[in-house]
Amino acid sequence: MIVVERLRQWAHGHTRRDVYSPVGQVFHWLMAFLVFFQIWWGWRIGRLPVGPEKLEGYQLHSQSGVLLLVLILLRALWRLMIPGPVNDADKPGWQSTAAHITHYVLYFLMIALPISGWAMWSAMATEQPLSVAGALPWPQLPLGDLPSRTRWRIMEGAELVHLVLVWALLATLAGHVGAALKHHFIDRDDVLAAMVPFLKPLPPRAEAAEDPVPTRRSSTFG
């Protein structure tokens, strides 16, 4: 396809310079913001008393969750069409394996969490419409015609799954962020710099001892 090939050529203009394309960076940081917002907002509304404010809080939570689901699916499609650069995290060894497993787990969690929330909303808030960021209509799951007892059981099961997935996400994010900081400040390679605009890898420690002026070293991006 001509459009995909042109996108690949455009993205390669960035990956060959050791960074992700601007589209890849926007996906990453927009989703990172949404994930942390959802964690904080879910914690906040869980402590509100029952009433209109709590309902409005859940509506915003659901709208952001649907948006996150759409974004993760679009990002997965983008990565399939436009591969990212190969960097120091891809070196053979256990760290590379752990990094790839972490990314797959993050993708799974960011898909499963909105789906579990979608099931909760569809089971119990059948009269409340869903939307993508409050702008585009989003369908309910076909649960509204089920008996109320069945819908309660679905809601309770989805709520339990949702809670377990949130804790799994927190643990995975801690590992992901910690690994990124380790790559930048300890390994001093190009992993974090590839995703942060205008950030350059720190010089290797041997060079830093010889030359106090930071210089950009080449990396393994292709």
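Phe-33, Phe-37, Trp-40 and Trp-41 form one aromatic cluster in this predicted model, for which local features require a pLDDT of at least 70, side-chain atom pairs count only at pLDDT 80 or more, and totals for chains, interfaces and linings use all residues. Residues are numbered from 1 along each chain as its sequence is written, and side-chain values use heavy atoms, with hydrogens and water left out.

A search of the whole structure gives five aromatic pairs, where rings of Phe, Tyr and Trp (for Trp, the six-membered ring) pair if their centres lie within 6.5 Å, and where planes under 30 degrees apart count as stacked, over 60 as edge-to-face and the rest as tilted. The pair of Phe-37 and Trp-41 is stacked, because the ring centres are 5.6 Å apart and the planes stand at 15 degrees. Trp-40 and Trp-41, by contrast, make a tilted pair, since their ring centres lie 5.4 Å apart with the planes at 55 degrees. Phe-37 and Trp-41 are four residues apart in helix H2, and are therefore separated by about one helical turn; helices (H or I, at least four residues) and strands (E, at least two) are DSSP runs, numbered from the N terminus. Both Phe-37 and Trp-41 are buried, a class that means under 20% relative accessible area, with exposed meaning over 50% and partly exposed the range in between (1.4 Å probe, protein chains only). For Trp-41 the relative accessibility is 13%, whereas Trp-40, at 44%, counts as partly exposed.

Helix H2 (residues 22-45) also contains Phe-36, which is partly exposed at 47% relative accessibility. Together with Val-177, Leu-181, Phe-185 and Ile-186, Phe-36 forms a nonpolar patch on the surface, with about 480 Å² of accessible area in total (Shrake-Rupley method, 1.4 Å probe, only the protein chains shown counting as cover for residues). Patches are made of residues with over 30% relative accessible area and no salt bridge, nonpolar side chains (Val, Leu, Ile, Met, Phe, Trp, Tyr) being joined within 5 Å and like charges within 9 Å; a salt bridge is a side-chain nitrogen of Lys or Arg within 4 Å of a carboxyl oxygen of Asp or Glu. Helix H5 (residues 148-187) supplies the largest share of this patch, namely four residues.

Positive phi values occur at two non-glycine positions, Ala-133 and Arg-188. Ala-133, with phi near 55 degrees, is placed in the loop between strand S1 (130-132) and strand S2 (136-138), and at 45% relative accessibility Ala-133 counts as partly exposed. Arg-188, with a phi of about 55 degrees, is found in the loop between H5 and helix H6 (205-210), and counts as buried at 16% relative accessibility.
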